[in-house]
Amino acid sequence: MKKEEDFFQAVYQIVRLIPFGKVTTYGAIAEALGSKKSARMVGWAMNASHRIPDIPAHRVVNRNGLLTGKMHFSTSEEMQRKLEAEGISVIGDKIQDFERYIWKPIELITLD
DNA sequence: CCGTTGACGCCAT
DNA sequence: TATGGCGCCAACG
């Protein structure tokens, strides 16, 4: 197992831990991995997540609650549709009441 | 080898 | 509020 693959698996594992009806951000995942400034690498890993089954990629958005990755789904509506199916309102590619649905993986580690 | 490009985020203006 | 620059770092031509 190469290290590069470990990074991918770490990202996928965290994404799989996102609860139903909740969302998280690229930055939050990067922070949980110990590379807070490497949010781009998380997005890079997510771009390759299509070949991995059972990855709720629609629950990962940017820090503003914007669906920046919607164009990477089968259709541009897929991401929003899945989020709304979980009770999350999306208007103009932006999650409404974002703070209410955010879930941070770093809290699993901090755990105070 | 080098310049560009990105499912990002923070800061300056 | 909006826009641009920079750090980050792997992939690609």
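1. In this predicted model, a backbone N or O atom of G27 lies 3.0 Å from a phosphate oxygen of DNA strand B. A second phosphate oxygen contact on the list involves R63, where a polar backbone atom is 2.7 Å from a phosphate oxygen of DNA strand B. The backbone of N47, by contrast, is directed to a base, with one of its N or O atoms 3.2 Å from a base nitrogen of DNA strand B. The elements that contribute two or more residues to the surface near this strand are α2, spanning 26-32, and α3, spanning 39-47.

2. As for the wider surroundings of DNA strand B, 18 residues surround it, and the closest are Y26, R40, N62, R63 and H72. The largest share of this surface comes from α3, which supplies six residues. By class, the residues near DNA strand B divide into six nonpolar, 10 polar and two charged. On the DNA side, sugar or phosphate accounts for 47% of the strand B atoms within 4 Å of the protein, while the rest belong to bases.

3. DNA strand C is surrounded by K37, S38, R40, M41 and W44, and of the atoms of this strand that come within 4 Å of the protein, 65% belong to sugar and phosphate. The surface near DNA strand C comprises two nonpolar residues, one polar residue and two charged residues.

4. R40 deserves separate inspection, since it is listed among the closest residues to DNA strand B and is also one of the residues that surround DNA strand C. An N or O atom in the side chain of R40 is 2.9 Å from a base oxygen of DNA strand C.

5. Turning to the protein interior, the largest nonpolar core has 29 residues, of which V11, V15, M46 and I95 touch the most other members. Two or more residues of this core come from each of α1 (3-17), α2, α3, β2 (60-61), α4 (78-84) and α5 (98-101), and the greatest contribution, five residues, is that of α1. In soluble globular proteins, nonpolar side chains tend to be buried together.

6. Which residues does V15 touch, not counting those up to four places away in sequence? The contacts of V15 are with I29, M46, I55, P56, A57 and V60; M46 in this list is itself named with V15 among the core residues that touch the most other members. The helices α2 and α3 therefore appear twice in this account, being elements that give two or more residues to the core and also to the surface near DNA strand B.

How values were computed:
Residues numbered from 1 in each chain as written. Chains lettered and ligands numbered in written order. Predicted model: local features only at pLDDT ≥ 70, side-chain atom pairs only at ≥ 80, totals over all residues. Heavy atoms only, no water. Near = heavy atom within 4 Å. Polar contact = N/O pair within 3.5 Å; in protein donor to acceptor, adjacent residues only side chain to side chain. Nonpolar A, V, L, I, M, F, W, Y, C, P; charged D, E, K, R; others polar. Helix = DSSP H or I, 4+ residues; strand = E, 2+ residues; numbered from the N terminus. Core = buried A, V, L, I, M, F, W, Y, C linked by side-chain atoms within 4.5 Å. Buried < 20%, exposed > 50% of the residue type's maximum accessible area, 1.4 Å probe, protein only. Contact = heavy atoms within 4.5 Å.
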